[in-house]
Amino acid sequence: MPASDAPAFEMFHTVGFAETNLVGNVYFTRHLEWQGRCREMFLHEHCPTILASLRDDLALVTLHCSCDYVMEFSAFDRVLLRMRLDDLAHNRIGLAFDYYRCGADGRRAHAARGRQVLASMRRQDGELRPTPVPEALLQALGPYRVSHPT
């Protein structure tokens, strides 16, 4: 079960009809789109200097992306997506995502769990080369680090 009290970057989203399939539930790939949007909003709000670097020579390459589904979302469900730094090694960043359905009564139901692994890379001579995670990004992610039991 997710550590709901642990610090996390939070993004709310209201599901629209365009995100659902013929059956009426959210199409499974939308969860991955929401992970990407959450990551973008984190950079926008907490690390805008990285956005300028991404326009220059920095690349945050997604190496792995996954989602485990617990319950469905439907149109007009209110979704809370919580993102945490799960792992950091060399030029790799592991992000953990928890999805909640938010009820009108304020209750939250855990609906899915996701993960992404990113590589910090620089464009040099027409190639991508590993580079350390920029210090500004490390500082921005620091407060959202998951503490793993030893």
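Student: How much area does the chain expose, and what share of it do carbon and sulfur atoms supply?

Tutor: Accessible areas come from the Shrake-Rupley method with a 1.4 Å probe, and for residues only the protein chains shown count as cover. Here the chain exposes about 8,600 Å², with 53% of that supplied by carbon and sulfur atoms. Keep in mind that this is a predicted model, where local features need pLDDT of at least 70, side-chain atom pairs count only at pLDDT 80 or more, and totals for chains, interfaces and linings use all residues. Residues are numbered from 1 along each chain as its sequence is written, and side-chain values use heavy atoms, leaving out hydrogens and water.

Student: Which pattern do the helices and strands follow along the sequence?

Tutor: Helices (H or I, at least four residues) and strands (E, at least two) are DSSP runs, numbered from the N terminus. This chain has three helices and six strands, in the order β-α-α-β-β-β-β-β-α.

Student: How do I read the aromatic pairs, and how many does the structure hold?

Tutor: Rings of Phe, Tyr and Trp (its six-membered ring) pair if their centres lie within 6.5 Å; planes under 30 degrees apart are stacked, over 60 edge-to-face, and the rest tilted. The structure holds five such pairs. One of them is Phe 9 with Phe 42, edge-to-face at 5.4 Å centre to centre and 80° between the planes. Phe 9 sits in strand 1 (residues 9-14) and Phe 42 in helix 1 (residues 29-46), so the pair ties together parts 33 residues apart in sequence. Ring pairs also join Phe 9, Phe 42 and Tyr 144 into a cluster.

Student: Are Phe 9 and Phe 42 buried or exposed?

Tutor: Buried means under 20% relative accessible area, exposed over 50%, and partly exposed in between (1.4 Å probe, protein chains only). Both Phe 9 and Phe 42 are buried. Now take Phe 17 and Phe 76: their ring centres are 5.0 Å apart and their planes at 85°, so this pair is edge-to-face. Phe 17 is in the loop between strand 1 and helix 1, and Phe 76 in the loop between strand 2 and strand 3, 59 residues apart. Phe 17 and Phe 76 are both exposed.

Student: And which residues is Ala 75 in contact with, leaving aside neighbours within four places in sequence?

Tutor: Contact means heavy atoms within 4.5 Å. Ala 75, in the loop between strand 2 (58-69) and strand 3 (78-89), touches Val 15, Gly 16, Phe 17, Thr 20 and Gly 24. Thr 20 is 55 residues from Ala 75 in sequence, yet the C-alpha atoms are 6.7 Å apart.
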